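Open the model in your viewer and keep the sequence panel beside it. The tour goes stop by stop, with a selection to make at each.

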Amino acid sequence: MCMKLLDLRKNLKKEFNQHDIDEVDVDFIISEVLGVKHTELILMDNVDDDAVAEIMEKVKLRLNNVPVDKIFKKSYFYGLDLVINDNVLSPRADSEILVETAIKYIKENQYSSVLDLCTGSGCLAIAVKKNVPDAEVSASDRYEKALSLAKKNAKRNGADINFIKSNMFENVTEKYDVIISNPPYIATDDLDELDEEVLRHDPHHALDGGEMGLKYFNIIHENAKQHLNNGGMLILEMDSMQKMLIQSLFTDFKFIECVKDYNGLDRVVVFKK
Ligand SMILES: C[S@@+](CC[C@H](N)C(=O)[O-])C[C@H]1O[C@@H](n2cnc3c(N)ncnc32)[C@H](O)[C@@H]1O
């Protein structure tokens, strides 16, 4: 027995919409199970029973609030194929804005060294290295489990990156032309308001940014100057609500710009030493 793929997709999308889950996840699940690209689904006619059973098993997990990248332990970010697990934050589409901004300034200014502080899965560092291969890229995180996954992702994507295990700047000894970071920036008081799937599947230490979400921005502010070359840049992801507070914290840097995310919210801030 076979099932028409079109009917399966239509029924599942309806069910996902009823559960307020983005219907794009239906095609993600089906294409991962069938081992085809999303764009190829339209060309397929029937799905066999075994595949339908596997799809339904994954659908059940998704309806139980497990994000798709945690179901398949993989994520696509800035054209990269990454391995993901519960020890790291699932890369967010909005963080591609940070990568794009960093690549633009690295190329424009011919910067040659980059540090990705709080690297997690390594997504930002690897995306930068793949797009600016001549830059020397380092990446740090406090947690061994995150670093070992980031190393695996770097290898998988053929990116030569120098990894540093460090509590923020503690073991960082060099100076860089650019420091990028997507630090934990959710205010501790707001953590309860996050979606269940974020709270259950992203590590707490990747989210909790302390009072007003500013704990790590304060640490970056205190240390960044001594780890940046003159004329170097600091490129940080933030919550748009933090924009004014961050700008008033980094007054000893030259403010360059805020870059908006796909929803039109200020997401990335750029400073120059
Ligand atoms: C918001 S996640 C960002 C991960 C990844 N860069 C991304 O954009 O998807 C923050 C990361 O900071 C790391 N982290 C938390 N506290 C840290 C600390 N004190 N020093 C260094 N890294 C830390 C977490 O392990 C986590 O990987």
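Select the shell around the ligand and colour it by residue class: 12 residues are nonpolar, 7 polar and 2 charged. This is a predicted model. Which residues come nearest to the ligand? Of the 21 around it, they are C118, G120, R142, N182 and A206. Now show helices α6 (123-131) and α9 (204-207); each of them supplies at least two residues of the shell.

Stay with C118 and display its backbone. C118 sits in the loop between β5 (113-117) and α6. Its phi is near 70 degrees, a positive value in a residue other than glycine. Is C118 buried or exposed? It has 25 C-beta neighbours inside 10 Å, and 20 are enough for the label, so C118 counts as buried.

Next, select K73, in the loop between α4 (68-72) and β3 (74-77). K73 is not a glycine either, yet it has a positive phi, of about 55 degrees. Its surroundings can be checked by counting C-beta atoms: there are 12 others within 10 Å of K73, and a residue with 12 or fewer is exposed, so K73 is exposed.

Move on to helix α10, residues 215-224. Which of its residues are buried? Select Y216, F217, I220 and A224, which are buried. Look down the helix axis: these four residues cover an arc of only 100 degrees, which puts them on the same side of α10. The spacing follows a general rule: an α-helix has 3.6 residues a turn, so residues three or four places apart point the same way. To see what lies over the buried residues of α10, add β8 (176-181), β9 (228-237) and α11 (243-249), which are among the elements that cover them.

Now zoom out to the whole protein. Colour domain 1 (2-64) and domain 2 (85-272) separately; their C-alpha centres lie 34 Å apart. Switch to a cartoon view, where the secondary structure comes to 11 helices and 11 strands. The radius of gyration is 20 Å, close to the 19 Å that the globule rule gives for 273 residues, so the protein is as compact as a globular protein of that length. Taken along the principal axes, the C-alpha atoms fill a box of roughly 65 × 40 × 35 Å.

Two whole-protein figures end the tour. Of the 273 residues, 35% count as buried. Among contacts with a separation of 6 or more, 64% are between residues 24 or more positions apart.

How values were computed
Residues numbered from 1 in each chain as written. Predicted model: local features only at pLDDT ≥ 70, side-chain atom pairs only at ≥ 80, totals over all residues. Near = placed C-beta within 6 Å. Nonpolar A, V, L, I, M, F, W, Y, C, P; charged D, E, K, R; others polar. Domains from an automatic or database assignment. Rg over C-alpha atoms; globule rule 2.2 N^0.38 Å. Contact = placed C-beta atoms within 7 Å. Arc of directions from axis to C-beta.
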